[in-house]
Amino acid sequence: MTDSTRWDDIALRDGDIVISTAPKSGTTWTQMICALLIFQSTDFPQPLNAMSPWSDSLLHPREEIVAELSAQRHRRFMKTHTPLDGLPYDERVTYITVGRDPRDVAISWDNHLTNTNFPTLMTLRAAAVGAEEAGGPPPGPLPEPPESARDRFWLWVDSPEEMPGLPGMLHHLSTFWQMRDQPNVILLHYQEMKDDLEGTMRKLATRLGIEIPEKKWPELVKAAGFGEMRRRADELAPDGRVWNDREQFFHRGISGQWRELLDADDLRRYRDRVQELADPQLVEWVHREKIIS
């Protein structure tokens with residue numbers, strides 16, 4: 001569904017922002033926050049996914065994405081799910097990622113798949129790029145997912161790295177973790193965004209060199225809240241053509257849902273899997289607790 005070589009055609013600018021996250025880790029939320037900070041208004045000239053396009057998505061022709069980005073005159077903030085090691089690195093550009101407890105990501109991904117209209121998705125892909133650019137024809141019908149939510153959780157945890165799942169998520173975060181001391185690399189955490197949205201927004205504005213008049217902050221913070229974003233799903237949900245329900249894209253946005261699903265044996269198995277995949281410091285940071293010794 002993506003082609004990172006598309007970045008070769010995008011001329012980066014001083015001040016560009018690249019929001020690079022693993023799926024279901026707060027991508028649209030971060031795009032919304034950046035939009036609010038850049039425009040300093042809750043009213044936008046375009047839908048969010050037009051202002052902040054998914055730059056290497058195969059749902060739009062390559063030349064269309066390049067032309068749209070070239071025409072933008074506001075400070076650009078682009079979306080991608082490509083890890084930092086697959087992006088052009090430019091010191092003039094700010095790179096933002098978001099960490100989220102992978103166990104919550106797995107639950108959110110399960111809802112995401114349920115809400116995706118895959119026939120429409122594949123039709124749009126074929127119309128936008130054809131088989132050659134996409135690296136071959138689209139896959140056949142997806143296999144039926146396991147009936148059990150626990151089994152679907154383990155399918156995500158044990159997926160290959162090139163697919164959305166735990167290995168790919170932790171690889172994505174590790175590419176940022178290794179560069180976290182660079183002044184143009186920012187690691188946010190989903191839970192911190194939930195616990196202190198205003199504080200997160202103020203810190204991000206400082207890192208991006210954006211000054212916000214004090215009187216504007218209450219309105220901007222309110223607009224970045226989950227409930228308000230869900231109310232505006234028609235203009236904020238990415239590429240609404242592929243969702244069965246745009247509001248469901250903003251499903252619940254809560255943490256700890258996995259506690260209702262996993263027992264002690266599951267958690268031991270999960271701990272062992274995580275230990276195989278990532279640096280212990282990164283594991284502790286993303287889970288906000290020490291889960292491995």
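How are H7 and H15 oriented to each other? The views below, taken from a predicted model, begin with this helix pair.

**View 1. Helix H7 packs against helix H15.** H7 covers residues 166-177 and H15 covers residues 280-287. Their axes lie 11 Å apart and make an angle of about 105°. Angles of 65 to 115 degrees count as roughly perpendicular, and H7 and H15 are therefore roughly perpendicular to each other.

**View 2. Residues at the contact of H7 with H15.** H7 contributes Met169, Leu170, Leu173, Ser174 and Trp177. On the H15 side, these meet Gln281, Leu282, Trp285 and Val286. By class, the residues of this contact comprise 7 nonpolar and 2 polar, with no charged.

**View 3. An open sheet of 4 strands.** The strand order is E2-E1-E3-E4, and the pairing is parallel. Strand E2 (77-80) and strand E4 (185-189) are the edge strands, each pairing on one side only. From one strand to the next, the twist averages 25°.

**View 4. Strand E3 beside strand E4.** E3 (residues 94-99) runs parallel to E4 and is joined to E4 by 5 bridges. Val98 stands opposite Leu188, which belongs to E4.

**View 5. Helices H9 and H15 on the sheet.** Helix H9 (residues 197-208) packs on the sheet and touches strand E1 (17-20), E3 and E4. The direction of H9 makes about 175° with that of E4. H15, the partner of H7 in the opening views, also packs on the sheet, where H15 touches E3 and E4. The direction of H15 makes about 50° with that of E4.

How values were computed:
Residues numbered from 1 in each chain as written. Predicted model: local features only at pLDDT ≥ 70, side-chain atom pairs only at ≥ 80, totals over all residues. Heavy atoms only, no water. Axes fitted to C-alpha atoms, helices over the stretch in contact; angles between N-to-C directions. Helix = DSSP H or I, 4+ residues; strand = E, 2+ residues; numbered from the N terminus. Parallel < 35°, antiparallel > 145°, perpendicular 65-115°, else oblique. Contact = heavy atoms within 4.5 Å. Nonpolar A, V, L, I, M, F, W, Y, C, P; charged D, E, K, R; others polar. Pairing = 2+ DSSP bridges.
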